[in-house]
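New to this one? Have a look at the structure first, and then we'll walk through a few spots together.

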Amino acid sequence: MMHWPEGAGELVARGARVVLRRFGSDDVAGFYAMNADSRVLRYTGDQPFADEAACRAFLMGYDHYLRHGFGRWSLYLADGRYAGFCGLRRDDGLVDLGFRLPFALWGQGLASEAGALALRLGFEVYGLGSIIGRARTDNPASCRVLQKLGMAEAGTECREDGLEWRRFTVNRADWRARSEAGREP
């Protein structure tokens, strides 16, 4: 069994290969390195942190858990290696599923596994009625993850960055039917 250090955030969920934890001080180095990689930020619209102190301030000041009961969670591999983040965010009355992984971990099905955990938490623990996902139209890999999770395309939207984003959605009833049929990733 993996021993988590004192700076690790509270355990939220565990899958076969991944673990979701609340943001903690142990996430700073991994989160900072991930967000310093231009390949990772290419599809996000985000800017890299100025330094590790700015990253730490973001993580330690993250108040979504207090305001909504849920949020984005740090993603770790079962062996304890940092693997990015995945989770839910309330935005303009909608709840959005988001994920980001270090480039070295892309294409291994980890976003799908973590996304399935986050959807389960959203519907079964937090009682959400529907969850959306957004991905840039020029990011087919993230679009495939959202589709693999059972989300249906619900159109496109142009965001403040001037880029086009595809929007996906799934409601609790459809998610439950898919889960009961064993089609969850």
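## The largest pocket

Let's start with some empty space: the largest pocket holds about 1200 Å³. Its lining is made up of 46 residues, and the ones closest to the centre are Thr44, Phe85, Gly98, Phe99 and Arg100. Keep in mind that you're looking at a predicted model.

What kinds of residues line the largest pocket, by class? The lining has 21 nonpolar residues, along with 13 charged and twelve polar ones.

## Who builds the lining

Several elements chip in with at least two lining residues each: helices H1 (28-35), H5 (110-125) and H6 (140-148), plus strands S4 (82-91), S5 (94-100) and S6 (130-136). Which of them gives the most to the lining? That's H6, with seven residues.

## A buried arginine in S6

Strand S6 is also where you'll find Arg134. Is Arg134 buried or exposed? Its relative accessibility is 16%, and the cut-off for buried is under 20%, so Arg134 counts as buried. The side chain of Arg134 has a partner, too: a polar contact of 3.0 Å joins it to the side chain of Glu157.

## Both ends of H7

Now hop along to helix H7, which covers residues 172-180. At its start, Asn171 points a side-chain oxygen to within 3.1 Å of the backbone nitrogen of Ala173. Following H7 comes Gly182, and its phi is positive, near 75 degrees.

Methods: Residues numbered from 1 in each chain as written. Predicted model: local features only at pLDDT ≥ 70, side-chain atom pairs only at ≥ 80, totals over all residues. Heavy atoms only, no water. 1 Å grid on protein atoms, 1.4 Å probe; cavity = no way out; pocket = protein on both sides within 12 Å on 5 of 7 lines; lining within 4 Å. Points joined across faces, edges and corners; volume = space filled by probe spheres on them. Helix = DSSP H or I, 4+ residues; strand = E, 2+ residues; numbered from the N terminus. Nonpolar A, V, L, I, M, F, W, Y, C, P; charged D, E, K, R; others polar. Buried < 20%, exposed > 50% of the residue type's maximum accessible area, 1.4 Å probe, protein only. Polar contact = N/O pair within 3.5 Å; in protein donor to acceptor, adjacent residues only side chain to side chain.
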